[in-house]
Amino acid sequence: MSTPDLPLVSTGCGDGCGCGDGEGQDPEALECGLDPDLAQLLEDAGLDPVEVETIAHVALGEDLEHGEDVTTVATVPEEAVATGDFTAREAGTVAGIHIAEAVLSVVCTDAFEVERHVEDGDRIEAGQKLLSVTTRTRDLLTAERSALNILCRLSGIATATRAWADALEGTKAKVRDTRKTTPGLRALEKYAVRCGGGVNHRMSLSDAALVKDNHVVAAGGVAEAFKLVRASFPDLAIEVEVDTIAQITEVLDAGADLILLDNFTPAQTAEAVALVKGRAALESSGRLTLDTARAYAETGVDYLAVGALTHSSPILDIGLDLRDAEASV
């Protein structure tokens, strides 16, 4: 999947950018200020370019809340141009290359060039160049930390997810995320899970129903809770959480599409798989670690729910290095 030394790509706010004066442009393009080609790459990845651009502005706003980048303005001539390399400091799986470009495009006052050495989802090694950018030095240094914060965060999630996906290889089980995401970054973090070989659960409270213990208490029983959801949303997929084998038959008979086995042991999980016999999808949750992942997967469950993918993954260490003047020639 690696694509080393991809050609230079001109990006940034050029004449075709959606943030121009609007003449001769598709009105919908005005909703996004990113370069149309970059916006398309984000869309192809399942991301909303407008949302990505908004996140970029928020991230940069934290650094520029009180004015300008004083250190860079003081030390770098206004007309200086440089090439910088986003370089991995450790091995892992990369995610967020085009999102980092979006951050840069918000800052860069002129069109800039990028050279993409990898694609999101690639396994990378320490010392490997991921993205090279040629632009005004001031713009590059001002955007550096915001771009790296996102790139390191998403690559860390992708790297952690890849470890789980590798542990499940050869079984039918897939590792998938939860809604335990950083506020405002859910779409990006769930994208990183996909880059690491995982699959996504619900993106919100609206696209699927998940009946959990508190819903069961409120409704007066697990079957009662399921029936209430089905009556209100007849076309929606419904997942029901159970914490005992005895509850499985009840929710299975009610018509649950997916059953979440909460804190089951591998032996109990195997018993549940035999009981269900494929009549509903099964998901394991709780007590899951990389050391036990294979044991759960080999029972025949469909999914392993791992909230830690998004709430506890460490960043992947990536840095930005300016090339020496001689090396840039």
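This report walks through a predicted model of one protein, from its overall make-up down to a few single residues.

## The big picture

Let's start with the whole chain. The protein has 329 residues, and 48% of them are buried. Its secondary structure comes to 13 helices and 13 strands.

How do contacts spread along the sequence? Take the contacts with a separation of 6 or more: 68% of them join residues that are 24 or more positions apart.

## Inside the core

Now for the greasy part. The largest nonpolar core counts 80 residues, and F86, I99, I259, L261 and L304 are the ones with the most contacts inside it. Which helix gives the most to this core? That's helix α5, spanning residues 137-168, with 12 residues.

I99 is a good one to click on. Leaving out residues up to four places away in sequence, I99 touches L42, L47, V52, I150, L154, L188 and Y191.

## Strand β9 and its neighbours

Have a look at strand β9, residues 238-242. Here 5 of its 5 residues are buried. In a regular strand, side chains alternate between the two faces of the sheet. In β9, I238, V240 and V242 point one way while E239 and E241 point the other way, and all are buried. So yes, that list of buried residues includes the glutamates E239 and E241, with buried meaning under 20% relative accessible area.

β9 has parallel partners to check out. Strand β8 (residues 209-211) runs parallel to β9 and is joined to it by 3 bridges; one pairing to find is A209 with I238. Strand β10 (residues 258-262) also pairs with β9 in the parallel sense, over 4 bridges, and there E241 stands opposite L260. How does the chain get from β9 to β10? The route goes through helix α9 (residues 245-254), making a right-handed β-α-β crossover.

## A closer look at T161

Back to helix α5, where T161 has its place. Is T161 buried or exposed? T161 counts as buried because its relative accessible area is 0%, and the cut-off for buried is under 20%.

What surrounds it? Setting aside residues up to four places away in sequence, T161 touches V175, V193, G196, G197, G198 and L309.

## Rings and charges

Last stop: the aromatic rings. If you go hunting for aromatic pairs, a search of the whole structure finds 0 of them. There is a charge over a ring, though: the charged end of R176 sits over the ring of Y303, 4.0 Å from its centre.

Note on methods
Residues are numbered from 1 along each chain as its sequence is written. This is a predicted model: local features need pLDDT of at least 70, side-chain atom pairs count only at pLDDT 80 or more; totals for chains, interfaces and linings use all residues. Side-chain values use heavy atoms; hydrogens and water are left out. Rings of Phe, Tyr and Trp (its six-membered ring) pair if their centres lie within 6.5 Å; planes under 30 degrees apart count as stacked, over 60 as edge-to-face and the rest as tilted. A charge sits over a ring if NZ of Lys or CZ of Arg is within 6 Å of the ring centre and within 35 degrees of the ring normal. A nonpolar core is a set of buried Ala, Val, Leu, Ile, Met, Phe, Trp, Tyr and Cys residues joined through side-chain atoms within 4.5 Å. Buried means under 20% relative accessible area, exposed over 50%, partly exposed in between (1.4 Å probe, protein chains only). Helices (H or I, at least four residues) and strands (E, at least two) are DSSP runs, numbered from the N terminus. Contact means heavy atoms within 4.5 Å. Two strands pair if DSSP finds at least two bridges between them. A crossover is right-handed if, with the strands pointing away from the viewer, the path from the first strand over the helix to the second runs clockwise.
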